[in-house]
Each structure stands twice: as structure tokens, then as C-alpha cells.
Amino acid sequence: MPVTDFSSNSAAPIVMRFGAFGDMIMLLPMLRFLARQTAQPVDLISSGGWTAPLMQAQSAVNEVRLLTSRKAPYWTNSSQRDMVQWLRSQRGRPVLLCETDEKSRWFARKAGLPPETVFWAGDEPMRAGEHWIERWLRIAHHCYGQTFEQTEVRAELSKAWLEIGADAQADCARWLQRKGWSERPLILIQAGSKRTMRRGSVDRRSNVKFWPQEHWVDFGQKLLARHPDAQLIFCGSPQEAEYAAGLAAGLDDPRAESVADDLPIPRLLALQTRALAMLSVDTGPAHAAAAMGCPLVVLFGAMQPALWRPYAVNAPVEVVRADDPVDVRSIRPAQVEAAWTRLLDAADSGRLLA
């Protein structure tokens, strides 16, 4: 367990984590614990365009400081130099480096932080089968001299534990009104991921989160037949807009539309609180859906669900694992259809899955 002991340090913690969208959502329960432990919100050092709109709405987070690049040489990157200078001014506060790379520890040394005020995740090995949310909560508990049991995770997470503001909800309501979808059941589909938008065709073999277009169209048609009043909403980032639009067009039905070019993160989160359910590959918006209490079917390939599964307390989650554990494309539409049936049965019965 971590040897760092912050239990006698009453200052607000600083957390460094350069994670993708889903990684930052899985970090949030830890930030909530730290804020509650010290009665002060946490300052966060991170990166990525999704981080600020996601984290600035969280009551557990105070300031968000972003690096434009953490891999660039230090003297060529002003955001790194500004961050180190700021860290120097914060000496004495607890700092949790939730990264295992040497660069994060180098930042702490460059800022002259006292070693007793710094925890580095590289000193704490991963435990077999431990979910990332459990790992971060366990570390936070131990850094503050508290024991942690896996059974405590559900107690740590409240309903819709990813917070959104009233402005986001109001914006979503207006947007749905403009689209004419206010009174319709909404089914969200997240077909793309960061891997999808890397260089090359979307169906390249290295894209192990790719599910063929004919499968999306086949299952989309089944969804529309099963839920004739529903609106299928293809989600995504602006970079995924062309891909998502192509999938929606494949259904050739006005009840299927892509909004990937019109879906900022606050609107996505608000939409997930209203949706009937979501179907997604293993990617960040799936973690958001689970956190927002949206019933979810998620397609897994190479990643281990025990470590990376979207974590929900108040919504059912169905994981469909590829037969070939490195490639989502081996998942058959019939498997997804069966998972969708189980999901709706669980939601109707009030049975909760984590």
C-alpha cells in the first residue's frame, strides 16, 4: 500500500492525471473522496480538450490546469513551465501523481516538492482484477490513513455521480425541442472511439474497437422495429461526425440521425440522463452513460472488463465480450440483441448491475 501519509496535512490536495475521457470519469470518485476528506475541492493538472468542460462542473474540483503536451521537451512547452512554476508556489500541499511515467515524477522534482508531500502511482503496483475506480479509491484512502474495502465502492458513488449543471440541462431541453425529440424515447449509439479516428481507414485491423457498419445498420433496424417511437441518436466527437453520419445514413430512416457535430460534453451528459438506453463500444461516453445512470450495453474487445467496465450504481450495464478477445468485430448482432433484451428487463425490474 502507499507509504505516503497525508492524514495530518489539512491543505487541499493537487491531483495530476493525464487521462482520456473515460479515465477522467473513473478518477472522479477519488476526487470526491479527497474533497470530502479535506473539506476543500481538489486542484487538477491534466490535458485534453474534454477535461475542462467535464471537470469544471464537478463540485469536488476547484482549478483545472491543462498541459498542451506532456511529452514535448520542457523548454519548448510553456504550459509545462507554467505548471511547474505554479507547483513551486504550492509547496506543502499533498500532491497525488496518478501516473506511472517518469515525466510526472520529474515535474514534481523540478518544482522542488518535498518528497513527503508527493504520492506517485508508480510506487503502487496494479492489483489483479482491480477496477480503476477501486484502485484510485484504495490509494486515496490509504494516503489519508484509512482502510478501504472493495464493498465500499457502491457507498462512495451516489446516483448520477458525474455532476452536470442546470445550464446544461436547460440547453439540452432547448436542443431537443428544436430537434422535435422532446417527447420521444431516445436511444443513444456511440460507434466511434479515439482509435476510430486515428490515421487510416476505420476498418483497419489495428482498430480493435471497430464493429462493422453492416452490424450497426442491422441492429439499428432491429431497434427501430422494437421501439417504433424512438429516435436513434448517433453520438460522437466532431472528429467522428463523418463516420457517425455514414452509419445513420445507412439506416435510411428519419428516426436515425447523427449529432456528432453538435454534441458538446455538457449536452451529451444531459442527454444521457434522459435516454432510454445507450449502445456503445468501449470508450469514454460509455463511462459517462454509466455514471449518469443511463442503461448501457457496451462492446468490449481487448480491454479487460474487470478493470475497465463502465461502473454504474443506479443503472444496468451489459458487457458483450468479443469471441476473439482482441477484436470487437467478432461480436455478432445476435449477441448484442440478447444483451439489449437483458438490459431492458433489468431496467424494468429495477435490478441494478455494477
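Is D252 buried or exposed? Keep that in mind while we walk through this predicted model; the tour comes back to D252 at its last stop.

**Stop 1: the whole chain**

Start with everything shown as a cartoon. You should find 13 helices and 11 strands in the chain. The radius of gyration is 21 Å, close to the 20 Å that the globule rule gives for 354 residues, so the chain is as compact as a globular protein of that length. Turn the C-alpha trace along its principal axes and the spans are about 60 × 45 × 45 Å. Of the 354 residues, 56% count as buried.

**Stop 2: strand β9 and its neighbours**

Now select residues 277-281, which make up strand β9. This strand is mostly covered, with 5 of its 5 residues buried. Show the side chains next. In a regular strand, side chains alternate between the two faces of the sheet. Here A277, L279 and V281 point one way from β9, while M278 and S280 point the other way.

Which strands flank this one? Add residues 186-190, strand β6, which runs parallel to β9 and is joined to it by 4 bridges. To see one contact in this pairing, pick I189, whose bridge partner in β9 is L279. Then add residues 296-300, strand β10; β9 and β10 also run parallel, joined by 4 bridges. V281 stands opposite L299 of β10. From β9 the chain passes through α11 to reach β10, and this β-α-β crossover is right-handed.

**Stop 3: the largest pocket**

Switch to a surface view. Rolling a probe the size of a water molecule over the atoms shows where empty space is left. The largest pocket has a volume of about 910 Å³. Of the 32 residues that line this pocket, A20, F21, K194, T283 and G284 are the closest to its centre, so to speak the ones to select. Elements giving two or more residues to the lining are α1 (21-38), α10 (265-274) and α11 (284-291). Among these, α1 gives the most, with 4 residues. Colour the lining by chemistry and you get 16 nonpolar, 9 polar and 7 charged residues.

While α10 is on screen, look at how it is packed in. This helix is mostly covered, as 7 of its 10 residues are buried. The buried ones are I265, R267, L268, L269, A270, L271 and Q272.

**Stop 4: L137 and P29**

Select L137, which lies in helix α5 (residues 132-143). Its relative accessibility is 0%, so L137 counts as buried. Now draw a distance to P29: the two residues are 108 apart along the chain, yet their C-alpha atoms are separated by 6.9 Å.

**Stop 5: two loop residues with positive phi**

Most residues other than glycine have a negative phi. Which residues go against that here? One is A39, with a positive phi of about 60° although it is not a glycine. Find A39 in the loop between α1 and β2 (42-47). At 69% relative accessibility, A39 counts as exposed.

Finally, go to D252, in the loop between α9 (241-251) and β8 (256-258). Its phi is near 50°, again a positive value in a residue other than glycine. As for the opening question, D252 is exposed, with a relative accessible area of 71%.

Notes. Residues are numbered from 1 along each chain as its sequence is written. This is a predicted model: local features need pLDDT of at least 70, side-chain atom pairs count only at pLDDT 80 or more; totals for chains, interfaces and linings use all residues. Side-chain values use heavy atoms; hydrogens and water are left out. On a 1 Å grid over the protein atoms alone, a cavity is a set of points where a 1.4 Å probe fits but cannot get out, and a pocket is an open set with protein on both sides within 12 Å along at least five of seven lines; lining residues have an atom within 4 Å of a point. Grid points are joined across faces, edges and corners, and a volume is the space filled by probe spheres set on the points. Ala, Val, Leu, Ile, Met, Phe, Trp, Tyr, Cys and Pro count as nonpolar, Asp, Glu, Lys and Arg as charged, and the others, Gly among them, as polar. Buried means under 20% relative accessible area, exposed over 50%, partly exposed in between (1.4 Å probe, protein chains only). Two strands pair if DSSP finds at least two bridges between them. A crossover is right-handed if, with the strands pointing away from the viewer, the path from the first strand over the helix to the second runs clockwise. The radius of gyration is taken over C-alpha atoms; the globule rule is 2.2 Å times the number of residues to the power 0.38.
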